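Here is a short set of questions and answers on one protein model. Read each one with the structure open.

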Amino acid sequence: MYRILLFCFLLISQIAWAAESHYRLEAYGSITRQEWNQGSPFNTDNKILEVPDWIDTLEFRPDLQFALTENKSFTLRSRHFLRYTQTETENPNHLHELIKGDSDLTDAFFSSGWSDAISTTMGLQNYQWGPAEIFSPSNVFFHFQNDQRSFFYKEKGHVLARMNWTPDPNSAKWSVVALYEPIHNKTKVWMADEEFKPKSAIKVEYQFDNPANSVALIGGQGEEERGYWGEYFNWSPAEGYSFYIDAKHQKGRTNYVPQKNGLGFYDLVKSDNQNIYTLAVAGFRWERRVDFRQEFVYNQMGYSENEWRLAKQSALTLSPNILTNADRFKSPGLEFRTQVYSYSSIRIPDLGSSQNTTISARWLSSLVMNTGALQLDVENNWNDSTVLSAEFIQFTGSKSNEFRIVADQQISLGFRWTY
């Protein structure tokens with residue numbers, strides 16, 4: 001924590017004297033109550049996963065932007081938080097309390113405009129694209145996170161070298177973006193037993209006369225240094241209505257799959273299948289008084305119902321590789337565990353006599369395993385600087401299936417204060 005604070009101080013002191021600066025501070029506070037799944041075969045008596053019953057957080061997110069010259073700027077964002085957890089385990093009952101403070105650098109990048117057509121951004125940054133709400137398959141740098149739609153979620157940037165090129169700045173219909181991620185951002189690698197490997201992408205987008213209509217092609221190097229290609233488009237036949245698809249294709253599965261070993265057990269290993277696999281989101285959006293989306297996720301690399309059963313079996317059956325299998329079952333290298341999902345969301349703003357309340361609901365369900373997660377949110381703009389939030393998540397389906405393995409439900413109350 002202190003090394004990050006020292007780095008921030010030294011960096012700011014070196015550039016602040018010659019720059020026009022803009023400063024913003026956000027403070028977040030939350031109280032969360034979780035109900036862990038007492039019937040989960042992976043977490044008997046809560047002694048394996050140690051899911052906290054209570055989580056209290058206080059977090060500060062300073063945001064500093066420096067205009068070094070007319071066409072060059074530097075942005076620095078960090079997180080500094082204090083976290084209290086209370087965890088109860090059973091047989092015998094034991095209550096464990098922990099207070100932890102930490103800091104993290106989430107964004108630190110230089111932006112340069114070299115001409116009307118070319119600009120670059122170098123450093124730790126969050127750069128995402130795509131028309132879908134649930135996630136963008138064609139973006140190999142950022143992965144789907146279960147809590148990414150939470151009021152309190154903050155995505156840490158990746159170390160990217162990015163160049164934007166607009167061949168005709170006057171019309172700006174064509175745009176080309178080249179990205180390269182040479183080193184890791186020091187977060188946990190999303191796939192078990194794997195190390196970070198560089199990724200790259202080139203994205204070519206065309207925007208039609210109606211700016212709501214666009215199409216893009218993407219290609220590059222993704223997981224396991226394997227080539228991929230993708231595309232997305234957004235089409236709006238009438239104001240307030242749109243249809244869209246975002247997809248990625250690659251040769252072979254890069255995730256762990258269940259395979260029988262010589263002892264008759266199942267282990268999670270890399271597949272040698274070299275077929276073409278697709279990960280895609282297709283959706284519809286209606287945006288008027290109410291903002292409604294219906295999306296479907298097709299994950300060809302995901303587990304079938306039988307593969308899910310065998311993968312789960314490999315993590316539960318006592319065998320020489322049970323610890324490795326359990327770790328790979330937890331982080332198999334899949335955006336989604338199974339093959340087909342439905343995602344529905346609705347957002348209703350400007351409610352109440354002061355029109356300062358927003359209600360939203362999101363429902364993500366696996367159409368293979370009949371399990372899902374329902375999230376309800378209420379946000380109230382209490383005043384110009386403070387937003388109050390209440391969030392409820394209910395996990396449904398079998399106690400040993402995808403969404404309900406860890407917890408049954410979660411309730412959070414919180415605030416955001418901006419200065």
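Q: What volume does the second largest cavity have?
A: This is a predicted model. It holds 2 cavities of 30 Å³ or more. For the second largest cavity, the volume is about 30 Å³.

Q: How do the lining residues of the second largest cavity divide into nonpolar, polar and charged?
A: The lining is made up of Pro-137, Asn-139, Val-140, His-143, Glu-223, Lys-248 and Glu-335. Pro and Val count as nonpolar, Glu and Lys as charged, and Asn and His fall among the others, which are polar. The division is 2 nonpolar, 2 polar and 3 charged.

Q: What is the volume of the largest cavity?
A: Its lining includes Trp-190, Thr-254, Leu-279, Asn-299 and Met-301. Glu-223, Lys-248 and Glu-335 are also among its lining residues, and these three appear in the lining of the second largest cavity too. The lining residues divide into 4 nonpolar, 4 polar and 3 charged. The volume of the largest cavity is about 60 Å³.

Q: Which residue precedes Pro-92 across a cis peptide bond?
A: Pro-92 sits in the loop between strand S3 (72-89) and strand S4 (94-113). Most peptide bonds are trans. Here omega is near 0°, and the bond is cis; the residue before Pro-92 is Asn-91.

Q: Is Asn-91 buried or exposed?
A: Asn-91 lies in the loop between S3 and S4. Its phi is near 50°, a positive value in a residue other than glycine. Exposed means over 50% relative accessible area. Asn-91 has a relative accessible area of 55%, so it is exposed.

Q: What is the relative accessibility of Gln-355?
A: Gln-355 is in the loop between strand S16 (340-351) and strand S17 (357-366). Its phi is positive, about 50°, although it is not a glycine. Gln-355 counts as exposed because its relative accessibility is 53%.

Q: How many residues lie between S18 and S19 in their hairpin?
A: Strand S18 (residues 371-381) and strand S19 (residues 386-396) run antiparallel and are joined by 10 bridges. Gly-372 stands opposite Thr-396 in S19. The number of residues between the two strands of the hairpin is 4.

Q: Which residue in S20 is the bridge partner of Phe-392?
A: S19 also pairs with strand S20 (residues 407-418). That pairing is antiparallel and covers 9 bridges. The bridge partner of Phe-392 in S20 is Ile-411.

Technical notes. Residues numbered from 1 in each chain as written. Predicted model: local features only at pLDDT ≥ 70, side-chain atom pairs only at ≥ 80, totals over all residues. Heavy atoms only, no water. Buried < 20%, exposed > 50% of the residue type's maximum accessible area, 1.4 Å probe, protein only. 1 Å grid on protein atoms, 1.4 Å probe; cavity = no way out; pocket = protein on both sides within 12 Å on 5 of 7 lines; lining within 4 Å. Points joined across faces, edges and corners; volume = space filled by probe spheres on them. Pairing = 2+ DSSP bridges.
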